[in-house]
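Here's a walk through a two-chain model, from one strand pairing out to the way the chains meet. Have the viewer open as you read.

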There are 2 protein chains.
Amino acid sequence: MLKTANGTLTTGETDSRGRSEQMSVEMKPIGYVSTDAENVPRSWEISDVEGDLVFDESYKDGLSDIIPGQQIYVIFQFHQSPEFNSKFLRINPPRYNRKEMGVFSTHSPIRPNPIGLSILEVLRVDGNIIHVKGLDMRNGTPILDIKPKSQPDPQI
Amino acid sequence: MLKTANGTLTTGETDSRGRSEQMSVEMKPIGYVSTDAENVPRSWEISDVEGDLVFDESYKDGLSDIIPGQQIYVIFQFHQSPEFNSKFLRINPPRYNRKEMGVFSTHSPIRPNPIGLSILEVLRVDGNIIHVKGLDMRNGTPILDIKPKSQPDPQI
């Protein structure tokens, strides 16, 4: 396997347009969701569930400037979803009265890459832990990244 | 290596709280950004650049119900970023007059997992290609997922 700046490439080559067909990238969780809520809403459902995002100590300095009241995007792994296959390309989600939809028009947890997105409210930050409200992820969910939910930046 | 529902686990075990410490997950691009724009804004900058999201043919059915005018979240790989290390935990982004910030309070392309998020406007869909406006990703950027930018769902 080749080791590159952004992960371990397992197969494939870069073509003339700079595309890296068939390559894959390895992501490693930076933390986990911790909540004792017994019922957590489905992904992208309105939620008032509170809980903690517990980060690896080594990332603590990266959490500075996150403040109570702000909203953050959390990118996570759907770690308990069944493996994706072509049957899940068109699904019947509850939101749309079970109308058949393309998976990319939904927030279904069963998708080609098991990546979830949530928007959470920061309640407070204690060292390597962010206390949040609005959880729609299960206890133990691996967190891959967080970003501020801000307006796009003006060009510089 | 162990093969699981959601990727290939390389190391680690699940602890009593269901967390999978040290595990990593392998993501595979579902498509690529194609644009002939010579200057593409930095990630999360306001952009009027147009281009195409070209998906693998096998995912075409999953693109149904995406319509012109809607906005989509695009989750992608920062494939040309340098490898992350602890020096990049606190950075001096252009947006905030080079004030030092924690990386997770920014949309910096140099982050523990090289995951980017964009919000793009759909111009039209032709089979496995979505024509978009608002690109802030470079030509050849690998796409990992797309999701609708909708309001959170009411609980059912």
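## Strand β6 and its partners

Phe76(A) stands opposite Ile143(A), a residue of β11(A). Those two strands, β6(A) and β11(A) (residues 142-148), run antiparallel and are joined by 5 bridges. Strands here are DSSP runs of E of at least two residues, numbered from the N terminus, and two of them pair if DSSP finds at least two bridges between them. This is a predicted model, in which local features need pLDDT of at least 70 and side-chain atom pairs count only at pLDDT 80 or more, while totals for chains, interfaces and linings use all residues. Residues are numbered from 1 along each chain as its sequence is written, with chains lettered from A and ligands numbered from 1 in the order in which they are written.

β6(A) also pairs with β9(A) (residues 115-126), again in the antiparallel sense, over 7 bridges. There, Gln77(A) has Ile115(A) as its bridge partner. Is β6(A) largely enclosed or not? 5 of the 7 residues in β6(A) (residues 71-77) are buried, so the rest of the structure largely encloses this strand. Buried means 20 or more other C-beta atoms within 10 Å of the residue's own, with C-beta atoms placed from the backbone.

## The barrel in chain B

Over in chain B, 6 strands close into a barrel, in the order β4-β5-β10-β9-β6-β11, with antiparallel pairing. From one strand to the next, the twist averages 45°; axes are lines fitted to C-alpha atoms, and angles run from 0 to 180 degrees between N-to-C directions.

One of the barrel's pairings joins β5(B) (residues 50-55) to β10(B) (residues 129-133) through 5 bridges. In it, Glu50(B) sits opposite Lys133(B).

## How the two chains meet

Lay chain B on chain A and you get an RMSD of 0.0 Å, using a turn of 180° and a shift of 0.0 Å along the axis. That's the relation of a two-fold axis. The superposition is by least squares on C-alpha atoms of residues with pLDDT of at least 70 in both copies.

Which residue of chain B comes closest to the rotation axis? That's Glu26(B), with its C-alpha at 2.2 Å. Glu26(B) is also the bridge partner of Glu26(A), and the strands β3(A) (residues 25-27) and β3(B) pair antiparallel over 3 bridges.

In total, 63 residues of chain B are in contact with 63 of chain A, contact meaning C-beta atoms, placed from the backbone, within 7 Å. β11(B) gives the most to this side of chain B, with 6 residues.

Conventions. A residue is buried if 20 or more other C-beta atoms lie within 10 Å of its own, exposed if 12 or fewer, and partly exposed in between; C-beta atoms are placed from the backbone. Helices (H or I, at least four residues) and strands (E, at least two) are DSSP runs, numbered from the N terminus. Two residues are in contact if their C-beta atoms, placed from the backbone, lie within 7 Å.
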